[in-house]
Amino acid sequence: MKKLFLTMLVVLMSVSAIAQDKKYGVGINLLYGTKIKSLGFGVKGQYYATEAIRLEANADYFMKNNKFDDVEDYDMKMWDVNVVGHYLIPVAESMKVYPLAGVGITNWVHSAISTKTKFAVNLGGGFQFDVAEDFALSAEAKYQIIDKWGDVSLGQAVFAIGAVYKF
């Protein structure tokens, strides 16, 4: 009984110590997609699994572009939802670089008549600057590997600048 009590006490103290660190983050991104050729906006949630490993879920919306794949009056817009992992590598006290990898779902809408949902694989990297203990700015580049829609490849590079509040 004493061993069980002691084990539970150690577990509770460990959980309490973990809870005191900043383990979560919420933020926003300003995006540009090279295939959709449009600006986008995104929201993100982060979970710091360890000091070096961060998991992120994000949802992005790219605004309508009237010219898609060099065709006028195409009216293409797109959104995606992704889950990625970051491996944070400190390069200075308040700066980190990270490779990223993950998966996502993309949805492409053409003139509100035709819609395609496609699976994506995300590969890339980023840079984070910690402005304060609970606030960071970031820049990121990734490539979304996406299958074709007919004869048109949907794979694209996505560039993002963002901000996140950590708690």
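This is a short talk on the cores, strands and aromatic pairs of one protein structure. Keep in mind that the model is predicted.

Let's start with the inside. The largest nonpolar core has 14 residues. Which of them have the most contacts inside it? They are Ile 36, Phe 62, Phe 68, Met 76, Trp 108 and Leu 154. Two strands to look for here are strand 4, residues 76-87, and strand 11, residues 156-166. Each of these strands supplies at least two residues of this core. Apart from this core lies another one, of five residues. Among its members are Tyr 48, Val 84, Tyr 98 and Leu 100. The general idea is simple: in soluble globular proteins, nonpolar side chains tend to be buried together.

Now zoom in on Leu 154. Leave aside its neighbours within four places in sequence. Leu 154 is then in contact with Lys 35, Phe 68, Trp 108, Lys 118, Ile 146, Asp 147, Lys 148 and Trp 149. Note that Phe 68 and Trp 108 are in that list, and both were named a moment ago for their contacts inside the largest core.

Next, two buried residues. Take His 110 in strand 6, which covers residues 95-110. Is His 110 buried or exposed? Its relative accessibility is 19%, so it counts as buried, because the cut-off for buried is under 20%. Not counting residues up to four places away in sequence, His 110 touches Tyr 74, Asp 75, Met 76 and Trp 149.

The second one is Ala 163, in strand 11. At 18% relative accessibility, Ala 163 counts as buried too. What does Ala 163 touch, residues up to four places away in sequence not counted? Val 26, Gly 27, Ile 28, Lys 44, Phe 135, Ala 136 and Leu 137. Look at Ser 138 as well. Ala 163 and Ser 138 are 25 residues apart in sequence, yet 6.2 Å apart in space, C-alpha to C-alpha.

On to the strands. Strand 6 and strand 7, residues 114-132, pair in the antiparallel sense. How many bridges do they share? There are 16. As an example, Thr 106 stands opposite Lys 118 in strand 7. Strand 7 also runs antiparallel to strand 8, residues 135-146, with twelve bridges joining them. Here Val 121 has Ile 145 in strand 8 as its bridge partner. A hairpin through two residues joins strand 7 to strand 8.

Last topic: aromatic rings. A pair of rings is described by the distance of the centres and the angle of the planes. This structure holds three aromatic pairs. I will show two. In Tyr 24 and Tyr 47, the ring centres are 5.5 Å apart and the planes are at 45°, so the pair is tilted. Tyr 24 is in strand 1, residues 24-33, and Tyr 47 is in strand 2, residues 38-48. They are 23 residues apart, so to speak of distant parts of the chain is fair. Both are partly exposed: Tyr 24 at 41%, Tyr 47 at 33%.

Now Tyr 24 with Phe 167. Their centres are 5.9 Å apart and their planes are at 25°, so this pair is stacked. Phe 167 lies in the segment after strand 11, 143 residues from Tyr 24. Phe 167 is partly exposed, at 43% relative accessibility. Tyr 24, Tyr 47, Tyr 165 and Phe 167 form one aromatic cluster.

One more ring to find. The charged end of Arg 54 sits over the ring of Tyr 98, 5.1 Å from its centre.

Conventions: Residues numbered from 1 in each chain as written. Predicted model: local features only at pLDDT ≥ 70, side-chain atom pairs only at ≥ 80, totals over all residues. Heavy atoms only, no water. Core = buried A, V, L, I, M, F, W, Y, C linked by side-chain atoms within 4.5 Å. Buried < 20%, exposed > 50% of the residue type's maximum accessible area, 1.4 Å probe, protein only. Helix = DSSP H or I, 4+ residues; strand = E, 2+ residues; numbered from the N terminus. Contact = heavy atoms within 4.5 Å. Phe/Tyr/Trp six-rings, centres within 6.5 Å; stacked < 30°, edge-to-face > 60°. Lys NZ or Arg CZ within 6 Å of the ring centre and 35° of its normal. Pairing = 2+ DSSP bridges.
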